Amino acid sequence: MRIASGKSTNAFTLIEIMIALVIFSTVIIAIYSTWTAILRSTKVGHDAAADVQRERIAVRALEEAILSVQMFQENIRYYSFEADTSSDFAALSFVARLPKSFPRSGNFGDQAVRRVTFAVEAGKDSRNELVLRQRPILFEPNVDEDENPLVLARNVKAFTVEFLGPRSQDWEPEWLYTNQLPRKIRFSLALGLAKGNTSESGDAITRMITLNRGPIPSSMQVGAPPR
């Protein structure tokens, strides 16, 4: 005896399940790709903004130090103005009377007259960094300051310095007179802005600074270091 049923059984076939899984996976992948792209773009934007901010801080530190430069003829060996433009990146070292607002001034107390050195060096990730080292004029270099300089800017693509001497008719690419100060200094700093897997150089910031003073004669020197 057969019992007939008027109801049919509804069920998904294996092919329908596989199609649904493919569609679901595609949607998940699309969402993940979009989210990853958003995160990557956000990181690039933050890195670019950080580079711009660091570039401004570095330029301000350079300007502030150069405008505060000091040189006394009586003790020229302490106050030499040194510039190295022979390599890919320039380097500067000179003595300045720095304001309390200058970076790391709190580490030196009342020692406002310090030798400052700006140089570009390879960082831990092999990217070029503009670093600043300081030491009071009569003190030996501090080991911590020497080994852990202040990083003013990362991803440095260009750092150039030019000089205008008292009798210069045009900008000079080097300065060999350590016992003299140039009349004007012009420097340019450019940082690399990361884009994808490549690095492209950002616009360079250029500043021209007129030195307000030349070497101070010995007759006007007060509290000079001993000879």
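**Helix 1 and its nonpolar face**

I started with Val 27 and found it in helix 1, which spans residues 14-67. I am working from a predicted model. Val 27 has a relative accessibility of 42%, so I noted it as partly exposed. I then looked up which surface patch includes Val 27. A nonpolar patch of about 700 Å² is made by Ile 15, Ile 19, Ile 23, Phe 24, Val 27, Ile 28 and Ile 31. Val 27 can belong to such a patch because its 42% is over the 30% that patch residues need.

**Whole chain**

I listed the secondary structure next and got two helices and nine strands. Along the sequence the pattern reads α-β-β-β-β-α-β-β-β-β-β. The chain has 227 residues, and buried ones make up 33% of them. I recorded an exposed area of about 14900 Å², with carbon and sulfur atoms supplying 54% of it. For contacts with a separation of 6 or more, I noted that 60% are between residues 24 or more positions apart.

**Ser 80**

I checked Ser 80, which is in the loop between helix 1 and strand 1 (82-84). Is Ser 80 buried or exposed? Its relative accessible area is 11%, so I entered Ser 80 as buried. I then listed its contacts, setting aside neighbours within four places in sequence: Met 71, Ser 93, Phe 94, Arg 115 and Thr 178.

**Strands 3, 4 and 5**

I followed strand 4 (residues 128-136) and its pairings. Seven of its nine residues are buried, so I wrote the strand down as mostly covered. Strand 3 pairs with strand 4 in the antiparallel sense over nine bridges. Within that pairing, Phe 118 has Leu 132 of strand 4 as its bridge partner. The hairpin of strand 3 and strand 4 has five residues between the strands, and Ser 126 there takes a positive phi near 70 degrees.

On the strand 5 side, I found four bridges to strand 4, with the two strands antiparallel. One bridge that I noted has Val 131 partnered with Val 151 in strand 5.

**Positive phi values**

Most residues other than glycine have a negative phi. I therefore kept a list of residues that depart from this. Arg 104 has a phi near 65 degrees. Arg 104 lies in the loop between strand 2 (91-97) and strand 3 (113-122). With a relative accessible area of 28%, Arg 104 is partly exposed.

Asn 155 also went on the list, with a positive phi of about 55 degrees. Asn 155 is in the loop between strand 5 (150-154) and strand 6 (156-164). Its relative accessible area is 15%, so I marked Asn 155 as buried.

**Salt bridges**

Side chains of opposite charge can pair when their charged atoms come close. How many salt bridges are there? I have a count of six.

I looked at Arg 207 and Glu 63, whose side chains meet at 3.2 Å, N to O. This pair links distant parts of the chain: Arg 207 is in strand 9 (residues 205-210), Glu 63 is in helix 1, and they are 144 residues apart. Arg 207 is partly exposed at 33% relative accessibility. Glu 63 is also partly exposed, at 25%.

Arg 154 and Glu 129 form a salt bridge at 3.4 Å, N to O. Arg 154 lies in strand 5 and Glu 129 in strand 4, so the pair ties together parts 25 residues apart in sequence. I recorded Arg 154 as partly exposed at 34%, whereas Glu 129 is buried at 13%.

The salt bridge between Arg 133 and Asp 146 has an N to O distance of 3.6 Å. Because Arg 133 lies in strand 4 and Asp 146 in helix 2 (residues 143-147), this bridge ties together parts 13 residues apart in sequence. Which residues are joined into one network by salt bridges that share partners? I wrote down Glu 121, Arg 133 and Asp 146. Asp 146 has a relative accessible area of 43% and is partly exposed.

Terms used: Residues are numbered from 1 along each chain as its sequence is written. This is a predicted model: local features need pLDDT of at least 70, side-chain atom pairs count only at pLDDT 80 or more; totals for chains, interfaces and linings use all residues. Side-chain values use heavy atoms; hydrogens and water are left out. Patches are made of residues with over 30% relative accessible area and no salt bridge: like charges are joined within 9 Å, nonpolar side chains (Val, Leu, Ile, Met, Phe, Trp, Tyr) within 5 Å. Accessible areas come from the Shrake-Rupley method with a 1.4 Å probe; for residues, only the protein chains shown count as cover. A salt bridge is a side-chain nitrogen of Lys or Arg within 4 Å of a carboxyl oxygen of Asp or Glu. Buried means under 20% relative accessible area, exposed over 50%, partly exposed in between (1.4 Å probe, protein chains only). Contact means heavy atoms within 4.5 Å. Two strands pair if DSSP finds at least two bridges between them.
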